[in-house]
Each structure stands twice: as C-alpha cells, then as structure tokens.
Amino acid sequence: MSDWRNLVAVAAGNVHVARNTGRSHTVGLRADGTAVATGWNGDGQCDVASWNTVVNIAAGWRRTLGVLADGTVNAVGRRSEGACEVGQWRDITAVATGDWHSVGLHGDGTVVATGNNHRGQCDVAHWRHVRGIAAGYLHTTAVTHDGEVLTTGDVRGGLAEAAHWQDILAVAAGSRHTLGVDARGRVWAAGDNSQGQCDVSSWYDVVAVAAGAEHSLGLRSDGTVLSTIYGHLNKESIRRRPTDKGPMQA
C-alpha cells in the first residue's frame, strides 16, 4: 500500500480465526471516488479498479462493497452465500460486511441485509432510526440516533450485554465480540475475550473504534491509537502532517 495516495477511508477484510482461514485483503477509497485494493484476490474481491463515484466502502471475508453517490451498491467477491446480492439496494448511505453476510443502511434509518442467515444475523428489517451499522462473523449490530444499540445473530458476539449499553455513538463488530464508544469517549466491549479483545475499560477520550477477528482498536482525539493484543494494551502515537485536515478514523 506504500504507493496509495489521497485516501479518505480504508477497510480490511476480516475473517474468523479457524484452521482453514487467514487470508485477507485491504481496500482504500480515494478522494476522487475511485477505489484501490490489495491482498488475497481468490474470489475477485480486489477487482475494484473500475469503480468510481464511491462514497463508502466495506470489506469482509472474500468480499468488497462500495456505496456509490447515487445510493446504489457495488459488490465483488464470493457469491456462494448471497452476500453480494445487493443489486436491488437503493438509497444506501453506508455498508458493512462480515464473513457470510452484508448489511446496508438506508438514508431513512432503516436497514437491509443479505447472505447467510443461519443465526439470524440478517433479521434487521424491523430496525428504525439507525445511524451506524457493523457486521461480525455471525452477528450484526447497529446504533440508533438516540444512542441505543440494536443486535441480532449469534449471541456469542456479546449481543445481550451490548443491547443494554446507552448513549453510544458508534459500534464495531469483530468475529465474536462487539465494541461501542459512548458520548464521553469511553469504550464498551462484550463477547469473546479469549485474546483480551474486550479489555478496553481503561480507554478514555476515544472518538472511533474498530474490531478485528480477535483484537480491538481505538482512536483518541489526539491521534493516539490504542489496541488490545493477546490481553495487553498497546499504544502508538500517530503523527499528523501539517496539511492533514478533519478527524481521523480507526
């Protein structure tokens, strides 16, 4: 990725940890609405060079989604489970994709999903007033405009606990854990903590969170990045160039 320039967003394909997994890819969204990708391309998930007018991207296992300026969605990658069947989606403002399913947020705050639904991870048709979405291995979560967290799918993702969080601004979903950041900059976590991915109670002044398969990331307002790796808290300062503008994203 060293030659990538003028990026406004990035996304990393995630996959649950198992004996037969491990390959992934990375996608970048340029300021001019084009996209670039690198990494494993066994299912064509990196074939985004022809995309344009893209305003939002998401990457899952073997899959890449891109929201276009007109509210439609492009999808490339594995099609076996139906997670790329987004051709009929309209008025989409954001997308999220897990291992086997994809989720879209409509401009009116409703949500749509497609793909594997064996654990109910696509049961989102009744959700309303949503402003943010996230997709994990077998679960889906969302945050509403009033700070409520909505959840569906595999309960091992910490769904019961996350559903009681309040005043949440954004959510993220890993393979089997869920993160939330609240209006005070505190981070909440629920679900699998076998690798310390939920050890975030000491984090503060956080403005964005991201979840990998078995780790968590947090971005502080001063540009510092926090991470959990095998139960240890790590911190790396990210230096901004003088020309950098706007908030950073994890």
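Two strands count as paired here if DSSP finds at least two bridges between them. In this predicted model, strand S1 and strand S2 (residues 25-30) clear that bar, with five bridges joining them in an antiparallel run. One of the contacts along the way pairs Ala12 with Thr26, its bridge partner in S2. Both strands belong to an open sheet of three strands, ordered S1-S2-S3 and paired antiparallel. The edges are taken by strand S1 (7-12) and strand S3 (35-39); each has a single partner strand, so one side of each goes without a neighbour in the sheet. On average, neighbouring strands here are turned by 20° against each other, direction ignored.

Past S3, the chain enters the loop that leads to strand S4 (54-60), and Gly42 sits in that loop. Gly42 is exposed, because its relative accessible area is 56%, and the cut-off for exposed is over 50%. As a marker of distance, Gly42 and Asn193 are separated by 151 residues in sequence and by 31 Å in space, C-alpha to C-alpha.

Next comes another open sheet, also made of three strands, with the order S7-S8-S9 and antiparallel pairing. Strand S7 (92-97) and strand S9 (111-115) are its edge strands, and each of them pairs on one side only. From one strand to the next, the twist averages 20°. Strand S8 (residues 101-106) is held to S9 by five bridges, the two running antiparallel. Within that pair, Gly104 stands opposite Val112 in S9.

The strands of this sheet also turn up in the largest nonpolar core, which has 14 residues. Val103, Leu105, Val111, Trp127, Val130, Ile133 and Ala142 are the residues with the most contacts inside this core. Two or more residues come from each of S7, S8, S9 and strand S10 (130-135), and S10 gives the largest share, three residues. Ile133 shows how the pieces meet: leaving aside residues up to four places away in sequence, Ile133 touches Ala94, Val95, Ala96, Val103, Gly104, Leu105, Val111, Thr141 and Ala142. There is also a second, separate core of twelve residues, which includes Ala189, Cys198, Trp203 and Val206.

As for empty space inside the protein, two cavities of 30 Å³ or more are found. The largest cavity holds about 50 Å³ of space. Its lining is made up of Val17, Ser175, Arg176, His177, Asp192, Gln197, Ala213 and Glu214.

Further along the chain, strand S17 (residues 216-220) is mostly covered, with four of its five residues buried. S17 has antiparallel partners in strand S16 (residues 206-211), through five bridges, and in strand S18 (residues 224-229), through four bridges. Leu217 takes part in both pairings: Leu217 is the bridge partner of Ala210, and Ser227 in S18 is the bridge partner of Leu217. S16 and S17 form a hairpin with four residues between them. The hairpin of S17 and S18 has three residues between the strands, and Gly223 there takes a positive phi near 90°.

How values were computed:
Residues are numbered from 1 along each chain as its sequence is written. This is a predicted model: local features need pLDDT of at least 70, side-chain atom pairs count only at pLDDT 80 or more; totals for chains, interfaces and linings use all residues. Side-chain values use heavy atoms; hydrogens and water are left out. Axes are lines fitted to C-alpha atoms, for helices over the stretch in contact, and angles run from 0 to 180 degrees between N-to-C directions. A nonpolar core is a set of buried Ala, Val, Leu, Ile, Met, Phe, Trp, Tyr and Cys residues joined through side-chain atoms within 4.5 Å. Buried means under 20% relative accessible area, exposed over 50%, partly exposed in between (1.4 Å probe, protein chains only). Contact means heavy atoms within 4.5 Å. On a 1 Å grid over the protein atoms alone, a cavity is a set of points where a 1.4 Å probe fits but cannot get out, and a pocket is an open set with protein on both sides within 12 Å along at least five of seven lines; lining residues have an atom within 4 Å of a point. Grid points are joined across faces, edges and corners, and a volume is the space filled by probe spheres set on the points.
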